[in-house]
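Me: I'm new to protein structures and would like to learn how to read one. Could you go through this one with me?

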Amino acid sequence: MNLSDIGETVVGADVLVVGGGIGGHAAAIATKEKDPDAEVVVVEKNVSGWAGQANKGAGALMYLDTEDSLDDFLSFHVRRIGMYLEDQELLADFARGSL
């Protein structure tokens, strides 16, 4: 089977980084700093920087305001960011604790 037969774009690179979280971005940046001419591709299952667990710390999602809807927050993160892959009960506890 030829890769062009699957109907997707084929991208070549010197380095492939799987995961667009803190570790993935750090690896990509370190690679470019070491070899600026290297072609680096970062692949992420969703929005780079938002799909993993790292975005739940370091102040990225520090709190919800009392006027914010907990259900809307959870729905958005579960459906649009985590793609149903994160621990939904832990996310709910985190959000409740941040009010």
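Me: What percentage of the 99 residues of the protein count as buried?

Reply: Happy to help! Please keep in mind that this is a predicted model. Of its 99 residues, 22% count as buried.

Me: Which pattern does the protein follow along the sequence?

Reply: Reading along the sequence, you meet β-α-β-α-α. That fits the count of three helices and two strands.

Me: How do I describe two helices that pack together, say α2 and α3?

Reply: Two packed helices are described by the angle between their axes and the distance between the axes. Here, α2 covers residues 70-81 and α3 covers residues 88-98. Their angle is about 140°, and their axes lie 10 Å apart. That angle makes α2 oblique to α3. The crossing of α2 past α3 is right-handed.

Me: Which residues meet where α2 packs on α3?

Reply: From α2 come Leu-70, Phe-73, Leu-74, His-77 and Val-78. From α3 come Gln-88, Leu-91, Ala-92, Ala-95 and Arg-96. By character, the residues of this contact divide into seven nonpolar, two polar and one charged.

Me: Which residues of α3 are buried, and why are they said to be on the same side of the helix?

Reply: The buried ones are Leu-91, Ala-92, Ala-95 and Ser-98. They cover an arc of only 130° around the axis, so they sit on the same side of α3. These buried residues pack against α2. On the other side of α3 you find Glu-89 and Gly-97, which are exposed.

Me: Let's try a residue in a loop. Where is Leu-64 found, and is it buried or exposed?

Reply: Leu-64 is in the loop between β2 (40-43) and α2. Its relative accessible area is 10%, and since buried means under 20%, Leu-64 is buried. Setting aside residues up to four places away in sequence, Leu-64 touches Leu-70, Phe-73, Ala-95, Ser-98 and Leu-99. Two of these names may be familiar: Leu-70 and Phe-73 are among the α2 residues that meet α3.

Me: How many residues apart in sequence are Leu-64 and Phe-94, and what is their distance in space?

Reply: Leu-64 and Phe-94 are 30 residues apart in sequence, and their C-alpha atoms are 9.9 Å apart in space. For the protein as a whole, take the contacts with a separation of 6 or more: residues 24 or more positions apart account for 53% of them.

Me: One last example, please. Where is the place of Gly-24, and which residues is it in contact with?

Reply: Gly-24 belongs to helix α1, residues 22-34. With a relative accessible area of 11%, Gly-24 is buried. Leaving aside neighbours within four places in sequence, Gly-24 is in contact with Val-17 and Gly-19. You can also compare Gly-24 with Val-43: they are 19 residues apart along the chain, and their C-alpha atoms are separated by 8.9 Å.

Key:
Residues are numbered from 1 along each chain as its sequence is written. This is a predicted model: local features need pLDDT of at least 70, side-chain atom pairs count only at pLDDT 80 or more; totals for chains, interfaces and linings use all residues. Side-chain values use heavy atoms; hydrogens and water are left out. Axes are lines fitted to C-alpha atoms, for helices over the stretch in contact, and angles run from 0 to 180 degrees between N-to-C directions. Helices (H or I, at least four residues) and strands (E, at least two) are DSSP runs, numbered from the N terminus. Angles under 35 degrees count as roughly parallel, over 145 as roughly antiparallel, 65 to 115 as roughly perpendicular and the rest as oblique. A crossing is left-handed if the near helix is turned anticlockwise from the far one by less than a right angle, and right-handed if clockwise. Contact means heavy atoms within 4.5 Å. Ala, Val, Leu, Ile, Met, Phe, Trp, Tyr, Cys and Pro count as nonpolar, Asp, Glu, Lys and Arg as charged, and the others, Gly among them, as polar. Buried means under 20% relative accessible area, exposed over 50%, partly exposed in between (1.4 Å probe, protein chains only). The arc is that of the directions from the helix axis to the C-beta atoms.
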